[in-house]
Amino acid sequence: MIVAPRPADEKARLATLQVLGLLDSPPDERFDRITRMARRIFRVPVALISLIDAERQWFKSAQGLALSEMPRDTSLCGHAILSDDILLVPDAQLDERFADNPIVIGPPHLRFYAGCPVRAPSGHRLGTLCVIDLVPREFDTDDLATLRDLAHLVEQQFAAIHSTMVDELTGLANRRGFEAQAGQVLSLCQRHDWPATLLYFDLDRFKQVNDRFGHAEGDWALKSFAELLRHSLRSSDVVARLGGDEFVALLSGTATAQQDTALQRLRQQLAQLNTSAQRGHTLAFSVGSAALLPDEDEGPASLVARADAAMYVEKQSKARAA
């Protein structure tokens, strides 16, 4: 079995998948309708909308398969997201990449596979719309065109979700997207007694950048800081722009113990950016943190409010020292 390599844009791809909040989300008729249609049109026993997470493929919609996820290493969809082309496997037993794959030699005994990559509006390939048969078969040019048309319907749904959950300027989650993701993460942490910490960032002197250099320069500052947050934190951390120059990051599990290291890395990268960019102003931030209280059923809004208050204390301390 040949395991698919990771795409060159893997970190950004996973971050986009995280922002959209699709993983482990409830069944959605918009997607189920498409897989039912694919199964009926191609007369196959299995049709899936598969999302490729860091170590698994998770099925947003599955017709004919009583599973919600499978390991990424055994996934044919992991190969399919490496290209914009449809991955067509007429007979997996005759394909050296998949002949000894556990899902070929064992249940569900896959023989035929056709998977079309489905992309977010950002262009990142998040997964596939795929159809599977348990016997070898062929796909003609009309079949390929039809599968692409159905995959485009999936992408349209991704775009609709993207428009409501993602900040257009930075590509991070917006407030609504953050609240949806953070609610799920906090519930999970509370259920398993895992730690969680929220970091609240506010850019220093941002209004002066807009007033002196114009809004285009302000947009550059916001996008640059968002990109630094992406690189400084894990792709599984929930990072968002709440509005204006205010950003948050929800760290959970082991990441909470590494927050000081992550903040130090962020400050170092910001210093390097200021040195190299030479924009005539210096980007800086104030930050406050709030840890999830043990045995407390605390929601995102409460955690944000406590971290915001801590950030304000730091900002006032800087103002007094200036």
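**Pockets, sheets and helix packing**

Starting with the open space, the largest pocket has 23 residues in its lining, and the ones nearest its centre are Gln-18, Asp-24, Val-185, Leu-188 and Ser-236. This is a predicted model, and the pocket in it has a volume of about 600 Å³. Two helices, α1 (10-20) and α6 (175-192), each supply at least two residues of that lining. Of the contributors, α6 gives the most, with 7 residues. Sorted by class, the pocket lining comes out as 9 nonpolar, 9 polar and 5 charged residues.

Then there is the enclosed space. The model holds 2 cavities of 30 Å³ or more. The largest cavity takes up about 90 Å³, and 13 residues line it, with Gln-57, Met-70, Ile-103, Leu-110 and Ile-132 closest to its centre. Its lining is made of 11 nonpolar and 2 polar residues, with no charged ones. The second largest cavity has about 50 Å³. Its walls come from Val-3, Ala-4, Pro-5 and Arg-6, together with Arg-72, Asp-73, Ser-75 and Gly-78. Here the classes read 3 nonpolar, 2 polar and 3 charged.

On to the strands. Six of them, in the order β3-β2-β1-β6-β5-β4, make up an open sheet with antiparallel pairing. The edges belong to β3 (69-71) and β4 (87-89), and each of these has a single partner strand, so one side of each is left without a neighbour in the sheet. From one strand to the next, the twist averages 25°.

Within this sheet, β1 (residues 46-52) is worth a closer look. Strand β1 is mostly covered, with 7 of its 7 residues buried. That goes for both faces: Val-46, Leu-48, Ser-50 and Ile-52 are buried on one side, and Ala-47, Ile-49 and Leu-51 are buried on the other. To one neighbour, β2 (residues 56-63), β1 is joined by 6 bridges in an antiparallel arrangement, and the two strands form a hairpin with 3 residues between them. Across that pairing, Leu-48 stands opposite Ala-62 of β2, while Ile-49 has Ser-61 as its bridge partner in β2. To β6 (residues 125-133), β1 is again paired antiparallel over 6 bridges. Ile-49 turns up here too, with Leu-129 as its bridge partner in β6.

Helices pack against this sheet as well. Helix α2 (residues 29-42) lies across β1, β2 and β6, and runs at about 75° to β2. Back at the same sheet, six strands in the order β3-β2-β1-β6-β5-β4 also meet α1, which packs on the sheet by touching β1 and β6, with its direction at about 85° to that of β6. Helix α1 is also one of the helices that supply at least two residues to the lining of the largest pocket.

A further open sheet is built from 4 strands in the order β8-β9-β7-β10, and its pairing is antiparallel. Its edge strands are β8 (238-243) and β10 (285-291), each of which pairs on one side only. Neighbouring strands in this sheet are turned against each other by 20° on average, direction ignored. Helix α10 (residues 300-321) packs on the sheet and touches β7, β8, β9 (246-252) and β10; the direction of α10 makes about 140° with that of β10. As for the pairing of β7 (residues 196-203) with β10, these strands are antiparallel and share 7 bridges. In that pair, Leu-198 stands opposite Ala-290 of β10.

Last comes a pair of helices. Helix α7 (residues 206-213) and helix α8 (residues 215-232) pack at an angle of about 145°, and their axes are 7 Å apart. On the α7 side, the contact is made by Phe-206, Val-209, Asn-210 and Phe-213, and on the α8 side by His-215, Glu-217, Gly-218, Ala-221 and Leu-222. By class, this α7 contact with α8 has 5 nonpolar, 3 polar and 1 charged residues.

Definitions and conventions. Residues numbered from 1 in each chain as written. Predicted model: local features only at pLDDT ≥ 70, side-chain atom pairs only at ≥ 80, totals over all residues. Heavy atoms only, no water. Axes fitted to C-alpha atoms, helices over the stretch in contact; angles between N-to-C directions. Contact = heavy atoms within 4.5 Å. Nonpolar A, V, L, I, M, F, W, Y, C, P; charged D, E, K, R; others polar. 1 Å grid on protein atoms, 1.4 Å probe; cavity = no way out; pocket = protein on both sides within 12 Å on 5 of 7 lines; lining within 4 Å. Points joined across faces, edges and corners; volume = space filled by probe spheres on them. Buried < 20%, exposed > 50% of the residue type's maximum accessible area, 1.4 Å probe, protein only. Pairing = 2+ DSSP bridges.
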